[in-house]
Amino acid sequence: MQHKVIDTKDVVIRFAGDSGDGMQLTGSLFADMSAVYGNGLSTFPDYPAEIRAPHDTVSGVSGFQVHIGTDKVNTPGDFCDLLVAMNPAALKANAKWCKPTAMILVDEDAFTDAAMQKSGFETENPFTELHVEDRALIVAPISTLTHESLKDSGMDPKAISKCKNMFTLGMACYIYNRPLEYIYTYLERKFAKKHPEVIEPNKKVLNDGFNYAANIQAIANTYTVQPSGKMKKGTYRNITGNQATAWGLLAASEKSGLPLFCGSYPITPATNILEELAIHKSLGAKTLQAEDEIAGICTAIGASFAGNLAVTTTSGPGLSLKSEALGLAVMAELPLVVVDVQRGGPSTGLPTKTEQSDLNQALYGRNGECPVAVVAAHSPANCFDAAFNAAKIAVEHMTPVLLLSEGFLGNGSEPWCIPSMKDYPEIVPPFALGQLKEGETYYPFQRDPETLVRRWALPGQKGLEHRVGGLEKNHRGVLSTDPANHATMVSERAEKIARIARDIPALEIDGAASGKLLVVGWGGTYGHLLSAMEEVRQDGVEVSYAHFDYINPLPANTAEVFAGFQKILVCELNSGQFADYLRAQFPDSDIHKFNKVQGQPFLVSELVQAIKNEI
């Protein structure tokens with residue numbers, strides 16, 4: 001059989017195995033290596049919902065999908081070109097995601113009778129049972145070969161078994177002509193200080209996997225995905241959404257001149273933001289792992305009162321617990337960024353799966369008339385700008401801001417062009433500074449007539465002593481239960497949020513400014529909708545697209561945009577929360593819904609069909 005090296009525009013690889021098989025690391029290394037190589041990419045880590053599910057069960061399967069391309073890649077891909085399945089359960093859970101032309105690589109040693117039975121197979125031939133026998137099957141004794149590769153390494157058998165993911169990674173690198181040098185560098189950097197003895201064994205098993213793949217006849221063709229020549233010039237790195245969020249907050253701290261404080265309680269999938277900020281004490285970041293969600297936000301509110309750029313991070317269940325204290329921040333009119341990395345709910349729900357179902361909670365989930373600004377990130381790299389902009393709004397408008405991310409964004413990654421901070425605007429806190437004139441009095445809720453923003457007086461300044469808190473006050477900061485005053489303050493707080501629309505970008509339309517159908521998305525549906533629009537337009541369908549990064553307030557030209565279209569289709573990963581919100585705001589628009597609530601992102605093919613159904 002003659003070997004062919006085939007140039008292709010893009011490929012999708014899905015690594016899957018038991019939660020202890022190292023598939024997240026394997027996928028991350030393949031993605032990072034491809035980013036360094038110059039490919040566009042998008043990743044989707046898919047964690048099991050149980051902390052430690054029984055070995056060899058479908059519920060314990062951990063997956064990592066990476067989509068690499070010559071041009072910009074918008075999604076992790078609907079279906080994969082290569083499925084790496086390290087055990088029967090991984091094959092059973094993921095065979096449905098294989099393209100008809102896909103290769104399937106399995107560890108033959110893991111397919112024991114006991115493992116097959118535990119995974120729920122009813123026959124002795126898993127490929128036939130799953131109807132994938134016509135795929136290009138690569139059945140390799142990976143565990144045996146790993147032990148043979150490292151038999152003279154001095155490592156114990158248990159440690160050697162953990163290296164089988166590196167053998168598999170070597171095979172994947174051969175199939176897609178990936179250079180191994182990046183992984184060598186990673187191993188040296190990671191283990192040089194504490195475990196230098198594992199560097200050479202891991203290099204060896206990686207290289208042996210590469211060579212094994214080169215020598216077996218089961219791999220007829222290999223593939224090359226050339227680096228992109230269309231990406232703008234700059235220094236790139238692969239970044240996850242949670243990392244980007246943390247760095248965006250650090251950038252806002254620099255641009256505002258305020259020290260950054262993050263008080264948070266660990267919760268999936270938001271914990272990495274707290275962990276990332278904790279690394280950067282040298283940049284002035286202060287972090288506190290609080291005893292619970294309520295303490296996390298309350299410490300952040302205290303830090304804000306003291307003059308910090310205050311942040312708290314959480315997911316849906318934690319946001320519920322923070323709601324009372326969030327109302328305190330609204331009443332006190334203190335700047336605060338609350339990051340909600342959404343997951344499937346309600347209650348504990350699907351803690352490792354993605355969703356967009358916290359929107360109603362973000363908009364309305366507090367007692368009383370309690371408006372907050374709501375911003376949404378739309379891609380892993382965009383989390384940087386979203387966090388920066390959320391912090392800018394919070395500080396300059398003296399209000400809490402809810403930044404909505406998603407598990408898909410927080411854990412997923414893509415190439416990010418490292419920006420220059422000179423390209424980002426200054427953030428100007430509305431401080432009350434300096435000496436008061438004779439006879440002048442500082443009133444904490446006296447407002448700027450244009451923005452309705454109150455001045456921020458830091459504690460310890462003579463003459464600027466004041467009181468804020470959860471009870472209603474008048475403009476002078478005096479407790480008041482006067483009905484007219486309460487109505488005035490409620491109205492002013494709401495109008496202050498509405499006027500933020502003056503400072504946010506106008507809603508942009510991808511496509512014609514008027515027509516039969518406008519497709520609308522928000523948050524992490526961005527890349528999938530972009531890809532769907534490309535496919536629909538290739539089929540000759542005329543349709544326009546608008547994506548919302550700002551939820552409350554909406555961009556000032558939203559009504560004008562909607563008025564140009566006969567029908568609006570809102571696509572979101574919930575039961576229609578944003579569509580209902582838009583219907584309330586624009587009752588004259590014909591707004592339709594397309595929803596998915598499965599803990600998984602949209603498939604591009606699903607969106608294409610939904611759009612065509614509305615035309």
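Here are some notes on the cavities of this model and on one residue, N215.

1. A word on the ground rules: this is a predicted model, where local features need pLDDT of at least 70, side-chain atom pairs count only at pLDDT 80 or more, and totals for chains, interfaces and linings use all residues. Residues are numbered from 1 along each chain as its sequence is written, and side-chain values use heavy atoms, with hydrogens and water left out.

2. The count comes to 2 cavities of 30 Å³ or more. A cavity here is a set of points on a 1 Å grid over the protein atoms alone where a 1.4 Å probe fits but cannot get out, and lining residues have an atom within 4 Å of a point. A volume is the space filled by probe spheres set on the points.

3. The largest cavity has a volume of about 60 Å³. Its lining includes F44, T352, F408 and Q600, and divides into 3 nonpolar, 6 polar and 2 charged residues. At least three lining residues come from each of domain 1 (4-224) and domain 2 (237-423); domain bounds come from an automatic or database domain assignment.

4. The second largest cavity holds about 40 Å³ of space. Among its lining residues are A329, M398 and R493, and the split is 6 nonpolar, 1 polar and 3 charged. Domain 2 (237-423) and domain 3 (430-503) each supply at least three residues to this lining.

5. As for N215, why does it count as exposed? Because its relative accessibility is 61%, and exposed means over 50% (1.4 Å probe, protein chains only). N215 sits 55 Å from A391, C-alpha to C-alpha, with the two 176 residues apart in sequence.

How values were computed. Buried means under 20% relative accessible area, exposed over 50%, partly exposed in between (1.4 Å probe, protein chains only). On a 1 Å grid over the protein atoms alone, a cavity is a set of points where a 1.4 Å probe fits but cannot get out, and a pocket is an open set with protein on both sides within 12 Å along at least five of seven lines; lining residues have an atom within 4 Å of a point. Ala, Val, Leu, Ile, Met, Phe, Trp, Tyr, Cys and Pro count as nonpolar, Asp, Glu, Lys and Arg as charged, and the others, Gly among them, as polar.
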